[in-house]
Amino acid sequence: MRIVDAKVMVTSPGRNFVTLELTTDEGLTGLGDATLNGRELAVVSYLEDHVMPLLVGLDPHRVEDTWQSLYRGAYWRRGPVTMAAIAAVDVALWDIKAKAAGLPLYQLLGGASRDRVGTYGHANGRDIPELLDSVRARLAEGYPAVRVQSGIPGLKAVYGVSSTDDSGSPVMHQQARPLVEDWDTDAYLRHMPNVLEAVRAEFGPGLPLLHDAHHRLTPVQAARLGKDLEPYHLFWLEDCTPAENQEALRIVRRHTTTPLAVGEVFNTVYDYQALITEQLIDYVRSAVTHFGGVTPLRKLFDFAAQYQIRSAIHGPQDISPVGMAAAVHLDLAVHNFGIQEYSGHTPLTEEVFRHAYTFEDGYLHPGEAPGIGVELDEELAAAHPYEAAYLPVNRLHDGTVHDW
Ligand code: KDG
Ligand code: MG
């Protein structure tokens, strides 16, 4: 079998998604997600100008070899643009291989290690009463675990909190420049224990609760937050410090038993090296889409398993249903699965990307369709073309740019 065609499509059924499609001489097609939120067109160019011309004529069964040649062959390794492009190729090749075998992808990854995949949903509120309502809504939808994000008194805008969208997805502003949000770390650190206290008082000790600090704290601030939240027994505290500095987590870890989750902006195993070998974290959070695909993410999970660290694949709405499908196959197959982030997609997105994976009573299953189980409606996708959209930027009260 040979690859005879490669094309990349950008569609915006509510937000932008980048999809690679590979076609073989036997008529099989494979899809891969290459969506990099707010920088989509850079990945399109990387694929169209530098990767797709190299794929035509290759044997699609050579998944590992193709991955290695794209990673090592470019000389310029790593980085989100490169790894999103490689991820799309990797997932499209796995899709073709599994379709050729007539099996759902999870069977090629060793088969199911569990019956269904547990998820967490997002609850947001501008204040505590609104957050409690949002947690109630997630529980009514069946979610077994909930991430809680709350507005902070004195701040106009807070990450993850939208007045129009209760799904928990960060707001994308359809305009030429990013919106500016405000931030005050002291106010946040004072308020978060009240938030968790109120949520625990309302929903009891048994509900797994997560919180995302979104890289906004210094190591010592993160250590304080972890300690202050210990009475509320978080499932995890996510991205407490800026991700570039692995050593920061040593300080945090020394001071708190709150479990730590890191990695949604990481793109290779090297970003995790000290975090895993020194057991500084409890969950690895990379997305199939941003980590170079199923091939390296499987290796990361196996490496993490040696240190009792579990998987928690990043699954915001800016991962397309193609990336989500690949994630759910991995979730079902790996032994050290932890939890899957999931907040669904808009009805229009679900029409553009028809998928075999299902979400029932808070649990996902990849389905039994051969491959990753996603079909793209190209006509509908083309009817919703790319729209420039940026994540907000974050500034302190004096105007200084802060981590987002
Ligand atoms: O594009 C940025 C989002 O993917 C990110 O803000 C979502 O932090 C996030 C999460 O945990 O899902
Ligand atoms: Mg996050």
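## A place to start

In which loop is the place of Asp318? Asp318 sits in the loop between strand 11 (310-311) and helix 11. Before following that residue further, please keep in mind that this is a predicted model.

## The chain as a whole

Let us begin with the overall picture. The chain has 13 helices and 18 strands. Its C-alpha trace spans about 60 × 45 × 45 Å along the principal axes. A compact globule of 404 residues would have a radius of gyration near 22 Å, and the chain, at 20 Å, agrees with that.

Much of the story lies in how the chain folds back on itself. Of the contacts between residues at least 6 apart in sequence, 72% join residues at least 24 apart. Of the 404 residues, 58% count as buried. The accessible surface comes to about 15,900 Å², and carbon and sulfur atoms account for 51% of it. As for charge, the chain carries 32 positive and 53 negative charges, and the mean positions of these two sets are 6 Å apart.

## The magnesium site

Which residues are the protein donors of the magnesium ion (ligand 2)? They are Asp212 (OD), Glu238 (OE) and Glu264 (OE), which lie 2.0 to 2.2 Å from the ion. Along the chain, these donors follow the spacing D-x25-E-x25-E. Glu238 belongs to strand 8 (residues 236-238), while Glu264 is in the loop between strand 9 (260-262) and helix 9 (273-277), so this pair ties together parts that are 26 residues apart in sequence.

Are these two glutamates buried or exposed? Glu238 is buried, with a relative accessible area of 0%. Glu264 is buried too, with a relative accessible area of 11%.

## Back to Asp318, and on to Glu181

Asp318, our starting residue, is buried, since its relative accessible area is 8%, and buried means under 20%. Leaving aside neighbours within four places in sequence, Asp318 is in contact with Arg15, Phe17, Thr35 and Asn37. The C-alpha atoms of Asp318 and Asn16 are separated by 7.6 Å, although the two residues are 302 residues apart along the chain.

Glu181 offers another example of a buried acidic residue. Glu181 is found in strand 6 (residues 180-183) and counts as buried at 9% relative accessibility. What separates the C-alpha atoms of Glu181 and Val393 in space? The distance is 6.1 Å, for residues that are 212 residues apart along the chain.

## Two loops with a positive phi

Most residues other than glycine have a negative phi. Two loop residues are worth a look with that in mind. His233 has a phi near 45 degrees, a positive value in a residue other than glycine. His233 lies in the loop between helix 7 (219-229) and strand 8, and strand 8 is also where Glu238 of the magnesium site is found. Is His233 buried or exposed? His233 is exposed, with a relative accessible area of 63%.

The second residue is Asp361, whose phi is near 50 degrees, again a positive value in a residue other than glycine. Asp361 lies in the loop between strand 14 (358-360) and strand 15 (363-365). At 59% relative accessibility, Asp361 counts as exposed. The C-alpha atoms of Asp361 and Arg116 are separated by 10 Å, with their positions 245 residues apart along the chain.

## An exposed histidine

Our last stop is His335, in the loop between helix 11 (321-333) and strand 12 (340-341). Helix 11 may sound familiar: the loop that holds Asp318 runs between strand 11 and this helix. While Asp318 is buried, His335 is exposed, with a relative accessible area of 71%.

Which residues does His335 touch, not counting those up to four places away in sequence? His335 touches Ser113 and Arg114. His335 and Asp302 are 33 residues apart in sequence, and 8.7 Å separates them in space, C-alpha to C-alpha.

How values were computed
Residues are numbered from 1 along each chain as its sequence is written. Chains are lettered from A and ligands numbered from 1 in the order in which they are written. This is a predicted model: local features need pLDDT of at least 70, side-chain atom pairs count only at pLDDT 80 or more; totals for chains, interfaces and linings use all residues. Side-chain values use heavy atoms; hydrogens and water are left out. Helices (H or I, at least four residues) and strands (E, at least two) are DSSP runs, numbered from the N terminus. The radius of gyration is taken over C-alpha atoms; the globule rule is 2.2 Å times the number of residues to the power 0.38. Buried means under 20% relative accessible area, exposed over 50%, partly exposed in between (1.4 Å probe, protein chains only). Contact means heavy atoms within 4.5 Å. Accessible areas come from the Shrake-Rupley method with a 1.4 Å probe; for residues, only the protein chains shown count as cover. Lys and Arg count as positive and Asp and Glu as negative; His and the chain ends are not counted. The place of a charge is taken as NZ of Lys, CZ of Arg, CG of Asp or CD of Glu. Donors are N, O and S atoms within 2.8 Å of the metal (3.2 Å for Na, K and Ca); water is not among the atoms, so sites may look incomplete.
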